[in-house]
Amino acid sequence: MKSDVPSRKHERISPLIIRAYYRYGGDSKEGYLLNLSRGGAFLATKERLPIEEILNLRIDLPWNLGDVLVEAKVAWRSDMHQPAPEEPSEGLGLTFTDLTPQASEKLQRFLDKFAQLAAQIEESAQG
């Protein structure tokens with residue numbers, strides 16, 4: 001089945017469970033990122049936000065990397081397409097629209113660390 005999800009410019013990493021906070025409708029909301037790339041993320045949430053809605057997102061990175069603050073746009077909702085097996089039934093596909101150099105650096109450090117650990121696990125499994 002062909003997906004309606006836009007093609008990705010950046011390789012995403014998953015599976016993840018990273019806590020993230022965002023503001024919508026005057027309320028602070030919480031969700032979890034289940035995948036992440038330099039260009040965006042999948043936010044597991046029951047909120048059905050409008051496409052193109054802009055969110056300020058705070059991502060709590062593991063490994064003492066700290067918080068990353070990014071501006072993100074809702075690119076798609078899971079109720080708009082047939083979800084891939086690794087995606088939950090409810091959530092939002094986000095595209096990062098404003099990433100400061102500091103946020104970009106922290107995000108890249110996380111992605112590099114994740115890739116390094118994944119390679120170590122793969123190597124151990126084959127050995």
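## A six-stranded barrel with a helix across it

In this predicted model, six strands form a closed barrel in the order β1-β2-β3-β6-β5-β4, and their pairing is antiparallel. Neighbouring strands of this sheet are turned by 45° against each other on average, ignoring direction. If you have the structure open, that strand order is a handy route to follow, and the sections below take up several of the pairings along it.

### Walking around the barrel

Start with the pairing of β3 and β6. Strand β3 covers residues 40–44 and strand β6 covers residues 92–98; the two run antiparallel and are joined by four bridges. To find the register, look at Gly40, whose bridge partner in β6 is Thr95.

Next comes β6 with β5. These strands also run antiparallel, with six bridges between them. Here Arg77 stands opposite Leu92 in β6. Keep Arg77 in mind, as this residue returns in the discussion of charged pairs.

Then there is β5 with β4, an antiparallel pair joined by eight bridges. Ile54 stands opposite Lys73 in β5. The two strands make a hairpin with four residues between them, and Trp63, in the turn, has a positive phi of about 60°.

Helix α1, residues 101–126, lies across β1 (18–24), β2 (27–36), β4 (54–61), β5 (66–77) and β6. Relative to β5, the helix runs at about 85°.

### The nonpolar core

Which residues touch the most other members of the largest nonpolar core? This core has 25 residues, and the ones with the most contacts to other members are Leu33, Leu36, Leu57, Ile59, Leu94, Phe96 and Phe110. Each of β1, β2, β3, β4, β5, β6 and α1 supplies at least two residues of the core. As background, nonpolar side chains in soluble globular proteins tend to be buried together.

Leu33 is a good residue to click on. Leaving aside residues up to four places away in sequence, Leu33 touches Leu16, Ile17, Ile18, Ala20, Ala41, Phe42, Leu43 and Ile59. One of these contacts, Ile59, is itself among the core residues that touch the most other members.

### A leucine on the outside

Is Leu69 buried or exposed? This leucine is found in strand β5, and Leu69 counts as exposed because its relative accessible area is 57%, with the line drawn at over 50%. Even so, Leu69 has contacts: not counting residues up to four places away in sequence, it touches Leu57, Arg58 and Ala103. Leu57 belongs to the group of core residues that touch the most other members. Leu69 also lies 7.8 Å from Leu99, C-alpha to C-alpha, although the two are 30 residues apart in sequence.

### A serine in a loop

Ser37 lies in the loop between β2 and β3. With a relative accessibility of 7%, Ser37 counts as buried, because the cut-off is under 20%. A polar atom of the Ser37 side chain is 3.1 Å from the backbone nitrogen of Gly39.

### Charged pairs

How many salt bridges does the structure hold? There are eight, and three of them are set out here, with the N to O distance and the relative accessibility of each partner.

| Salt bridge | N to O distance | Relative accessibility of each partner |
|---|---|---|
| Glu30 and Arg19 | 3.4 Å | Glu30 40%, Arg19 36% |
| Asp79 and Arg77 | 3.0 Å | Asp79 39%, Arg77 15% |
| Glu105 and Arg109 | 3.1 Å | Glu105 48%, Arg109 38% |

The salt bridge between Glu30 and Arg19 links distant parts of the chain, with Glu30 in strand β2 and Arg19 in strand β1, eleven residues apart. Glu30 is partly exposed, and Arg19 is partly exposed too.

Glu105 and Arg109 both sit in helix α1, four residues apart, which is about one turn of the helix. Salt bridges that share partners also join Arg48, Arg77 and Asp79 into one network. Within that network, Arg77 is buried, since its relative accessible area of 15% falls under the 20% cut-off, whereas Asp79 counts as partly exposed at 39%. Arg77 is also the residue that stands opposite Leu92 in β6.

Conventions: Residues numbered from 1 in each chain as written. Predicted model: local features only at pLDDT ≥ 70, side-chain atom pairs only at ≥ 80, totals over all residues. Heavy atoms only, no water. Pairing = 2+ DSSP bridges. Axes fitted to C-alpha atoms, helices over the stretch in contact; angles between N-to-C directions. Contact = heavy atoms within 4.5 Å. Core = buried A, V, L, I, M, F, W, Y, C linked by side-chain atoms within 4.5 Å. Buried < 20%, exposed > 50% of the residue type's maximum accessible area, 1.4 Å probe, protein only. Polar contact = N/O pair within 3.5 Å; in protein donor to acceptor, adjacent residues only side chain to side chain. Salt bridge = Lys/Arg side-chain N within 4 Å of Asp/Glu carboxyl O.
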